[in-house]
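Here are some short exercises for getting to know a new structure. Try each task on your own, then compare your steps with the worked solution.

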Amino acid sequence: MVTMVVFCLGVILQTIATDIPVFTAGRFFAGYGVGMVSALIPLYQSETAPKWIRGTVVGAYQLAITIGLLLAAIVDNATKDRDDTGSYRIPIAVQFAWALIIFFGMLLLPETPRMYIKRGKPERAAKSLATLRRLDTDHPAIVEELGEIMANHEYEMSLGKATYLDCFRGNLGKRLATGCLLQALQQLTGVNFIFYYGTSFFKRSGISNSFTVSMITSAVNVASTFPGLYLVEAWGRRPLLLFGQYFPGMS
Amino acid sequence: MPIRLTPPPGTPGAAWPAICVGLFVAFGGVLFGYDTGTIGGILAMPYWLKTFSTGYTDADGNPAITSSQSSMIVSILVSVIEAIETMTLP
């Protein structure tokens with residue numbers, strides 16, 4: 001909720017800006033809001049979705065990001081030739097629509113059962129889970145799933161306080177390094193460059209319809225997320241990662 | 001294991017409320033992607049460059065912004081996101 005207010009502040013600043021400092025401040029607040037939301041969503045999804053479809057629901061978030069990129073490319077393309085402030089104000093102001101939808105949706109969303117357990121309110125956790133599964137609070141399935149969440153939480157508590165330093169030690173350190181390396185290599189493929197600077201880059205390279213090229217790259221991104229989401233379950237994580245790397249490797 | 005779209009047999013209760021909730025919050029991804037994607041195009045818009053240029057011009061004499069200006073506009077978002085994600089993700 002708070003994050004959406006921060007985000008809207010950022011969007012307002014960007015919309016009214018006519019010089020770089022104000023625009024950058026707008027980007028800062030919008031980035032702050034988006035950053036918080038994007039960290040929370042997968043967590044919220046995995047705490048509410050039933051186990052058997054959890055992977056797909058979280059995957060839908062990845063898909064939604066690529067769809068957002070595509071929508072942005074389309075809106076930018078539609079307004080690029082306007083010779084007034086609408087050329088950039090319209091694409092920016094469209095974000096109010098997204099923010100409002102999420103803001104009012106959030107009012108209706110339940111708090112996750114896990115969060116209630118964490119706060120020591122098991123009866124509210126049971127109610128939240130029962131609403132999500134459309135069962136009575138004393139249904140065996142609810143009792144069982146709630147028991148699992150509680151057991152998990154108690155197990156985590158029993159491990160005592162873990163410090164951030166523990167992340168770097170021993171086996172865990174190796175796993176952290178693998179994760180970081182993969183993320184770093186993913187950044188080095190340069191895909192973010194294409195989405196952030198692609199349009200200016202194509203333009204300067206002498207491609208006259210740079211906005212169209214950007215729409216195509218985003219559309220390819222959306223389309224390739226579908227086989228990605230399917231194959232990550234069908235083939236497993238490692239084979240898909242190895243297979244996926246052939247393409248940047250080839251180019 | 002391929003993606004399942006039906007619950008395993010014998011699963012009690014309804015899955016659709018949780019799935020709908022999950023898909024609705026996934027909409028936040030559209031917000032994230034849109035915010036990322038929109039700036040790329042804006043940086044290339046002739047009118048935006050004309051308005052925001054501080055006097056710098058490109059090789060053809062058109063108004064432009066310097067690369068340090070564009071990287072500040074673009075990545076102030078990224079750096080903030082990344083810092084927050086590392087702090088809040090479990």
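Helices and strands here are DSSP runs, with at least four residues for a helix and at least two for a strand, numbered from the N terminus. Keep in mind that this is a predicted model.

**Exercise 1. Describe the make-up of chain B.**

Solution.
- Step 1: Go through chain B in sequence order, and the pattern reads α-α-α.
- Step 2: Count by type, which gives 3 helices and 0 strands for chain B.
- Step 3: Turn to burial: of the 90 residues in chain B, 40% are buried.

**Exercise 2. Do the same for chain A, then find its domains.**

Solution.
- Step 1: Chain A has 11 helices and 0 strands, and its pattern along the sequence is α-α-α-α-α-α-α-α-α-α-α.
- Step 2: Chain A has 251 residues, and 33% of them count as buried.
- Step 3: Look at contacts in chain A with a separation of 6 or more; 43% of these join residues 24 or more positions apart.
- Step 4: The division of chain A gives domain 1 (1-109), domain 2 (111-160) and domain 3 (166-251).
- Step 5: Between domain 1 and domain 3 of chain A, 13 residues of domain 1 are in contact with 12 residues of domain 3. The domain 1 side of this meeting is made up of 6 nonpolar, 5 polar and 2 charged residues.

**Exercise 3. Work out how helix α3 of chain A is oriented against α4 and against α10.**

Solution. A packed pair of helices is described by the angle between the axes and the distance between the axes.
- Step 1: Begin with α3 (residues 54-79) and α4 (residues 86-108) of chain A, which pack at about 155 degrees with axes 8 Å apart.
- Step 2: Angles over 145 degrees count as roughly antiparallel, so α3(A) is roughly antiparallel to α4(A). The crossing of α3(A) and α4(A) is right-handed.
- Step 3: Find the residues in touch: α3(A) offers A:A72, A:V75, A:D76 and A:T79, while α4(A) offers A:G86, A:S87, A:I90, A:P91 and A:V94. By class, this contact of α3(A) with α4(A) has 5 nonpolar, 3 polar and 1 charged residues.
- Step 4: Now take α3(A) with α10 (residues 210-234) of chain A, where the angle is about 170 degrees and the axes are 8 Å apart. The pair α3(A) and α10(A) is therefore roughly antiparallel.
- Step 5: Among the residues making this contact are A:G55, A:L63 and A:L70 of α3(A), and A:F211, A:M215 and A:V222 of α10(A). The contact of α3(A) with α10(A) divides into 11 nonpolar, 10 polar and 2 charged residues.

**Exercise 4. Classify the packing of helices α6 and α7 of chain A.**

Solution.
- Step 1: Helix α6 (residues 122-133) and helix α7 (residues 140-158) of chain A pack at an angle of about 125 degrees, and their axes are 10 Å apart.
- Step 2: That angle makes α6(A) oblique to α7(A), and the crossing of α6(A) and α7(A) is right-handed.
- Step 3: On one side are A:A125, A:A126, A:L129, A:A130 and A:R133 in α6(A); they meet A:I142, A:E145 and A:L146 in α7(A).
- Step 4: Sorted by class, the contact of α6(A) with α7(A) has 6 nonpolar, no polar and 2 charged residues.

**Exercise 5. Which elements of chain B give two or more residues to the side that touches chain A?**

Solution.
- Step 1: Start with the overall contact, in which 55 residues of chain B touch 75 residues of chain A.
- Step 2: The elements are α1 (16-42), α2 (46-52) and α3 (67-88) of chain B. The largest share, 25 residues, comes from α1(B).
- Step 3: The side of chain B that touches chain A has 38 nonpolar, 14 polar and 3 charged residues.

**Exercise 6. Decide whether A:S87 and B:V21 are buried or exposed, and find their partners.**

Solution.
- Step 1: Place A:S87 in helix α4 of chain A and B:V21 in helix α1 of chain B.
- Step 2: A residue is buried if 20 or more other C-beta atoms lie within 10 Å of its own. A:S87 counts as buried because it has 22 C-beta neighbours inside 10 Å. B:V21 is buried too, with 22 other C-beta atoms within 10 Å.
- Step 3: Set aside neighbours within four places in sequence, and A:S87 is in contact with A:T79, A:K80, A:R82, B:M45, B:Y47 and B:W48. With such neighbours again left out, B:V21 is in contact with A:T48 and A:L109.

Notes: Residues numbered from 1 in each chain as written. Chains lettered and ligands numbered in written order. Predicted model: local features only at pLDDT ≥ 70, side-chain atom pairs only at ≥ 80, totals over all residues. Buried ≥ 20, exposed ≤ 12 C-beta atoms within 10 Å, placed from the backbone. Contact = placed C-beta atoms within 7 Å. Domains from an automatic or database assignment. Nonpolar A, V, L, I, M, F, W, Y, C, P; charged D, E, K, R; others polar. Axes fitted to C-alpha atoms, helices over the stretch in contact; angles between N-to-C directions. Parallel < 35°, antiparallel > 145°, perpendicular 65-115°, else oblique. Left-handed = near helix turned anticlockwise from the far one by under 90°.
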